[in-house]
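Here are my notes from a friendly browse through one model. I wrote them in the order in which I looked things up.

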Amino acid sequence: MRLEWFLLTTVIGTVFSVTPPLSSIPESLWKYKEDLLQQPTNFVFNLGLQGAVTQDDWDRATLADVEPPVLLHPNLNGHTKPVTVTGKYMRTIKNRTICAFQGIRFAEPPVAEKRFKKPEPAKPYFPEDKLLANHLGEKCPQGAMFGPVGSGSEDCLNLNVYTPYLPDALPNGEKLPVMMWIHGGGFTGGDSSLYLPTKLLDHDVMLVVIHYRLGSLGFFSLQSNEAPGNAGLWDQIEALKWIRDNIDGFGGDKTRVTIFGESAGSASVTWLHLLPEAKGLFHGIIGESGSSLEYWGLDPEPLVSGLLVAGINGCPNDTDTPVAEIFDCMKDVPADDIALNLNHFLGEDRKRGEMGFRGAAPVIDNFPGATTPLISKPAEEYYMDGEGNNVPLIIGANKQEGSFVLASKFPAMPRYGI
Ligand SMILES: *[C@@H]1O[C@H](CO)[C@@H](O)[C@H](O)[C@H]1NC(C)=O
Ligand SMILES: *[C@@H]1O[C@H](CO)[C@@H](O)[C@H](O)[C@H]1NC(C)=O
């Protein structure tokens, strides 16, 4: 992206989508209001990715006054009875009518003792065997795009299925290839509301857009089974298992799954490329502007970062504090605080000239006694050892896209990001 274009879109986003919410939020609720008023670094970082899609865009693409699409899923989330799933119709930019089934839970809410850990598959949660899937689910906890207040919920492990055909109307009865999108946002932000299906779905493909845990909730590691790290990557793998077990009922072909992602999402798909735990769950990869080989694709000092993160959340963090005690404290910190404390910490990190990914990135987690290790070595070692999942990969980046990071380091816009 050209720097000028980036700055321009930031300004437009600021004027049209940021100012109104700001004035409606009592200042007392801004945990780090100086981040916005004096240090636009986080703000720039967030807005560049998040200013793009509004509720209006979704409303315009949604067909409101028609009978909604309904399908009978034979075994959704392992349910023993068929589930009636009601979605909504949308319209693509070429005016094709498509079906959206949104906000479907694929993993149990990772709360309390389950925080920071590998997710559990979602149990059936359908009253009277019915699911109304016509609205986006909660995003994972993160700083709001309009300022230093929290947004999202820990009950965020949901996904959206978009398809041009209901299962009983597939051309020649042939199931559709599936593409699973992993959003970017520096492993600390982003969600499915940023991705309208209205361009891709002009093609005969099924699109699945997922959420995964972000920031400390997704990547906090004490190098122990209480908080092993990589929870966010495990969420992505859980979503792939959901596709394996459920996509047939939507008319998708589980033997033709492509995973694709941008930035942190691209680092994610190229990690999944390497990991034995993801083997067999996908058959192609597209990486856009990021990879597991990046400087920011692996936190080289997870325990150092973990203790710092515990400290910024007001939890004990001496090197000799028992891990169980740190976890007991961290599991009770409100999710919004966890997200905002990390954003503030990473903003300070960027002001010092660092990249601002510490404590919010994949880690090596095969510490002694690990019950669920996922990553055993840096990405380059998997490649040098000839390991990984042997599937086709397309990868690319944009010329001069590093200017995006430069903009986050040089606060040229001293107030309200202008
Ligand atoms: C889009 O399709 C609908 C019917 O599916 C039609 O009524 C409408 O006129 C179309 N709009 C455009 C711009 O082609
Ligand atoms: C513990 O947290 C405090 C407060 O954030 C921080 O200053 C200190 O460096 C942290 N100690 C370790 C070992 O990370």
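I began with the open sheet of three strands in this predicted model. Reading across, I found the order E2-E3-E6, and the pairing is mixed. I then asked why one side of E2 and of E6 is left without a neighbour in the sheet. Strand E2 (70-73) and strand E6 (130-132) stand at the edges with a single partner strand each, so each has one side with no neighbour there. I also looked up the twist: neighbouring strands of this sheet are turned by 20° against each other on average, direction ignored.

Next I followed E2 itself. Its pairing with strand E3 (residues 83-86) is antiparallel and runs over four bridges. I looked for what stands opposite His-73 and found Val-83 in E3. Which side chains of E2 are buried? I noted Leu-71 and His-73, which point to one face and are buried, while Val-70 and Leu-72 point to the other face and are not.

I moved on to the open sheet of nine strands, also with mixed pairing. I wrote down its order as E1-E4-E5-E9-E11-E10-E12-E13-E14. At its edges I found strand E1 (62-63) and strand E14 (393-396), each pairing on one side only. I checked how E14 is held in the sheet: strand E13 (residues 284-288) pairs with E14 in the parallel sense, over four bridges. Within that pair, I noted Ile-395 in E14 as the bridge partner of Gly-287.

Which strands does helix H6 touch? I listed strand E9 (158-163), strand E10 (176-182), strand E11 (206-210) and strand E12 (252-262) for helix H6 (residues 231-246), which packs on the sheet. The direction of H6 makes about 165° with that of E10. I looked at helix H7 (residues 264-272) as well, and H7 lies across E10, E12 and E13. Against E12, helix H7 runs at about 130°.

Then I turned to ligand 2. Around this ligand I found Leu-307, Leu-308, Gly-311, Ile-312, Asn-317 and Thr-319. I sorted this shell by type and got three nonpolar residues, three polar and no charged.

I finished with totals for the protein chain. I counted twelve helices and 14 strands. Of the 418 residues, 47% are buried. I also looked up how far apart in sequence the contacts reach: among contacts with a separation of 6 or more, 76% join residues 24 or more positions apart.

Methods. Residues are numbered from 1 along each chain as its sequence is written. Chains are lettered from A and ligands numbered from 1 in the order in which they are written. This is a predicted model: local features need pLDDT of at least 70, side-chain atom pairs count only at pLDDT 80 or more; totals for chains, interfaces and linings use all residues. Two strands pair if DSSP finds at least two bridges between them. Helices (H or I, at least four residues) and strands (E, at least two) are DSSP runs, numbered from the N terminus. Axes are lines fitted to C-alpha atoms, for helices over the stretch in contact, and angles run from 0 to 180 degrees between N-to-C directions. A residue is buried if 20 or more other C-beta atoms lie within 10 Å of its own, exposed if 12 or fewer, and partly exposed in between; C-beta atoms are placed from the backbone. A residue is near a molecule or strand if its C-beta atom, placed from the backbone, lies within 6 Å of it. Ala, Val, Leu, Ile, Met, Phe, Trp, Tyr, Cys and Pro count as nonpolar, Asp, Glu, Lys and Arg as charged, and the others, Gly among them, as polar. Two residues are in contact if their C-beta atoms, placed from the backbone, lie within 7 Å.
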